[in-house]
Amino acid sequence: MTSSTRPFLNRRLAEFGTTIFAEMSALALRTGSINLGQGFPDTDGPEEVREAAVRALRDGRGNQYPPGPGIPELRTAIAAHQERRYELSYDPDTEVLVTAGATEAIAASLLALLEPGDEVIAFEPYYDSYAACIAMAGGKRVPVTLRPHEGSFRLDLDELRAAVTDRTRLLLINTPHNPTGTVLTREELTAIAELAVERDLLVVTDEVYEHLVFDDAEHLPLATFPGMRERTVTIGSAGKSFSFTGWKVGWVTATPALTTAVRSAKQFLTYVASGPFQYAVAEALALPDSYFSAFRADMLAKRDLLATGLAEAGFEVFKPAGTYFITTDIRPLGETDGFAFCRALPERAGVVAIPNAVFYDHREAGAPFVRFAFCKQTGVLEEAVKRLKALA
């Protein structure tokens, strides 16, 4: 094969084309539809946090390269946040690393911790970057499927245990879980922790929706469980907690050895990013508990508004215990193909959603499920609900 005919994209990434989010966002723009597909808010976060970014810009803080691990103010704020909320103590200088959003934190962690051929267990459906990052690291993904059960998606612990082999290196955990909205329970997390210790596994936990849990659900960091702090890389993000997703400020907390390993990979990805925004996020993390309570209450009201409207439109609704996504089953509408349904929905109802099958290795398992985002203005959601009633 000559260079002129050889595929440009390497084999590890050949299965990953343009994301479904790009396709559906373009469809929303072309049809003038309400975009409940991609998960980003349509309003900015707290004014005082935005002003902190402006102040940093004007004061010349962060306009040049910030320190590689992140500015000291932000690392200190992250450590204080973990201590205040979860009684997890981290050294800001050796156990905290600032990243260009949680997506880079995931990529850097997997690139740093995996050898080619290592198996990584992840819960499907999963955030689409997981599969790509595992592939870039040369790992082999092993999906364990969350399945519908009594109105939510649940983990089968026996299936998880059976998935672990001598080649398993790492568990990639996401709670609260995107796209299903599942929040792992204390019992489930205890079992995961015991399995990780027994089989000497590393764990990367994506906890970016930690402040968005509803009803009786409780977010419990896996690093708080016995034997887990020394083997867990915990990932957080300002984008989801403060509604500034474009700032791309995420972080890692872990032991010095794990943090150093992740930093070794991260420094050759973005090197550093988001200088002035790091100062603003440091202030955001120190906001009083009343901010987080109000934020959660606002999202809860929006969840209930959209969930009710979807049910009235004929969907089976899996009401999420966390995140800002609702998964629905389209079979009560006489549909079975989520891709076809989502591609037709803008013309049928003027609304865009995402087919959950894109988050599965076992595409057939996700075929009838469709995800909607409710992190939008109340008026937007009300109009979307009005439009979706056309399906009924």
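These legends walk through several close-up views of a predicted model.

Residue numbers start from 1 along each chain as its sequence is written. As the model is predicted, local features need pLDDT of at least 70 and side-chain atom pairs count only at pLDDT 80 or more, while totals for chains, interfaces and linings use all residues; side-chain values use heavy atoms, with hydrogens and water left out.

**View 1. The largest pocket.** Here we look at a space with a volume of about 990 Å³. A pocket, on a 1 Å grid over the protein atoms alone, is an open set of points where a 1.4 Å probe fits, with protein on both sides within 12 Å along at least five of seven lines; its lining residues have an atom within 4 Å of a point. Grid points are joined across faces, edges and corners, and the volume is the space filled by probe spheres set on them. Of the 42 lining residues, Thr19, Phe21, Tyr127, Asp128 and Ser129 sit nearest the centre. Several helices chip in at least two residues each, among them H1 (20–31), H4 (101–113) and H12 (338–349). Helices here are DSSP runs (H or I, at least four residues) and strands likewise (E, at least two), numbered from the N terminus. The lining splits into 18 nonpolar, 13 polar and 11 charged residues. For that tally, Ala, Val, Leu, Ile, Met, Phe, Trp, Tyr, Cys and Pro are nonpolar, Asp, Glu, Lys and Arg are charged, and the others, Gly among them, are polar.

**View 2. The second largest pocket.** This one holds about 160 Å³ of space. Its lining includes Arg85, Tyr86, Glu210, His211 and Arg296. By class, that lining comes out as 4 nonpolar, 2 polar and 4 charged residues.

**View 3. Helix H11 from end to end.** H11 covers residues 289–313, 25 in all, and reaches 36 Å from its first C-alpha to its last. That is close to the expected 36 Å, worked out as 1.5 Å times one less than the number of residues. Its buried residues (under 20% relative accessible area, with a 1.4 Å probe and protein chains only) include Tyr291, Phe292, Phe295 and Met299. Just past the helix, Gly314 takes a positive phi of about 110 degrees.

**View 4. Thr99 in strand E2.** Thr99 belongs to the strand spanning 96–99. It counts as buried because its relative accessibility is 3%. A polar atom of its side chain lies 2.8 Å from the backbone oxygen of Gly101. Beyond its neighbours within four places in sequence, Thr99 is in contact (heavy atoms within 4.5 Å) with residues including Glu104, Lys248, Trp251 and Lys266.

**View 5. Asp156 in its loop.** Asp156 lies between strand E6 (152–154) and helix H6 (157–163). At 35% relative accessibility, Asp156 is partly exposed, which means between the 20% limit for buried and the 50% above which a residue is exposed. A polar atom of its side chain lies 2.9 Å from the backbone nitrogen of Asp158.

**View 6. Two cis peptide bonds.** One runs from Glu124 to Pro125, with omega near 0 degrees. The other joins Asn178 and Pro179, where omega is about 20 degrees. Pro179 falls in the loop between strand E7 (168–174) and helix H7 (186–198).

**View 7. Positive phi away from glycine.** Glu150 has a phi of about 50 degrees, and Ser274 one of about 60 degrees. Glu150 is exposed at 74% relative accessible area, whereas Ser274 is buried at 17%.

Methods:
Polar contact = N/O pair within 3.5 Å; in protein donor to acceptor, adjacent residues only side chain to side chain.
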